[in-house]
Amino acid sequence: MSVYKLKDLMAAYIEILVNSEYGMPNGHLYALIAIRTGFSLEEHMDAVRALKQSGMVAEHGQLLTWAGTKEQRAQVLAAFAEAPKAPAKEPPLRLICCVCGDAAPAHKQWWNHDTGFGICPTCYARQLAKEGQEAAEHCYGLPNVHHSLVD
Ligand SMILES: [Zn+2]
């Protein structure tokens, strides 16, 4: 697993533990955070182990608690308070498929279409098979940006 992922999971756990007066059961962190964000049990255990080694988290039975000093706690809380929040996601544009007339949600309007029109994933797949990638991208833009949203 990458260091980046471990860091993210540790940060999520620290944020919870530093704010939990009575701590949080190990299994709850796993169920509430790790599983929901796609981490394995092994990755969860790696994060908990690293936090315990750092001295900022202690484990009593199955209960994990913040074990850092008051100063560390204040520093961590300040760091989270300052951390920029992810910008709220814009809802997708409600475009109409220029081929079949179905909904064709997109994040951006493609220049090569009249305003308000895009292409739905079904029609894009058909055009892609017919015209090839270069021509399809020229006509319809990029998947997950101008059409065929995944997220
Ligand atoms: Zn269509």
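This is a friendly exchange about how the terms used for this predicted model apply to its residues.

Reader: What should I keep in mind about the model and its numbering?
Author: The model is predicted, so local features need pLDDT of at least 70, side-chain atom pairs count only at pLDDT 80 or more, and totals for chains, interfaces and linings use all residues. Residues are numbered from 1 along each chain as its sequence is written.

Reader: What makes up the secondary structure of the chain?
Author: Helices are DSSP runs of H or I with at least four residues, strands are runs of E with at least two, and both are numbered from the N terminus. On that basis the chain has 6 helices and 5 strands, and along the sequence they follow the pattern α-β-α-α-β-β-α-β-β-α-α.

Reader: Why are S2 and S3 called paired?
Author: Pairing requires that DSSP finds at least two bridges between two strands. Strand S3 (residues 63-66) and S2 share 4 bridges in the antiparallel sense, so they pair. Ala 58 stands opposite Thr 65 in S3, and His 60 has Leu 63 as its bridge partner there. The two strands form a hairpin with 2 residues between them, and Gly 61 in the turn has a positive phi of about 60°.

Reader: What makes S1 and S2 edge strands?
Author: The open sheet of 3 strands has the order S1-S3-S2, with antiparallel pairing. Strand S1 (24-25) and strand S2 (57-60) each pair on one side only, and these are the edge strands.

Reader: How do you know that Ser 148 is buried, and what about Asn 144 and Glu 137?
Author: A residue is buried if 20 or more other C-beta atoms, placed from the backbone, lie within 10 Å of its own, exposed if 12 or fewer, and partly exposed in between. Ser 148 has 22 such atoms, so it is buried. Asn 144 has 12 C-beta neighbours inside 10 Å and therefore counts as exposed. Glu 137, in helix H6, has 17 and so counts as partly exposed.

Reader: What makes the phi values of Asn 144 and Ser 148 worth a look?
Author: Most residues other than glycine have a negative phi. Asn 144 has a positive phi near 70°, and Ser 148, also not a glycine, has a positive phi of about 50°. Asn 144 is in the segment after helix H6 (133-140), and Ser 148 is in the segment after H6 too.

Reader: What is meant by a nonpolar core, and which residues touch the most other members of the largest one?
Author: A nonpolar core is a set of buried Ala, Val, Leu, Ile, Met, Phe, Trp, Tyr and Cys residues joined through C-beta atoms within 7 Å. The largest has 16 residues, of which Tyr 13, Leu 17, Leu 29, Leu 51, Val 57 and Leu 64 touch the most other members. Helix H1 (3-19), helix H2 (26-34), helix H3 (41-54) and S3 each give two or more residues to this core. H1 supplies the largest share, 4 residues. Apart from this core lies another, of 10 residues, including Trp 110 and Ile 119.

Reader: How do you know that the chain is not a compact globule?
Author: The globule rule is 2.2 Å times the number of residues to the power 0.38, with the radius of gyration taken over C-alpha atoms. A compact globule of 151 residues would have a radius near 15 Å, but the chain has 23 Å. Its C-alpha atoms fill a box of roughly 60 × 30 × 25 Å along the principal axes.
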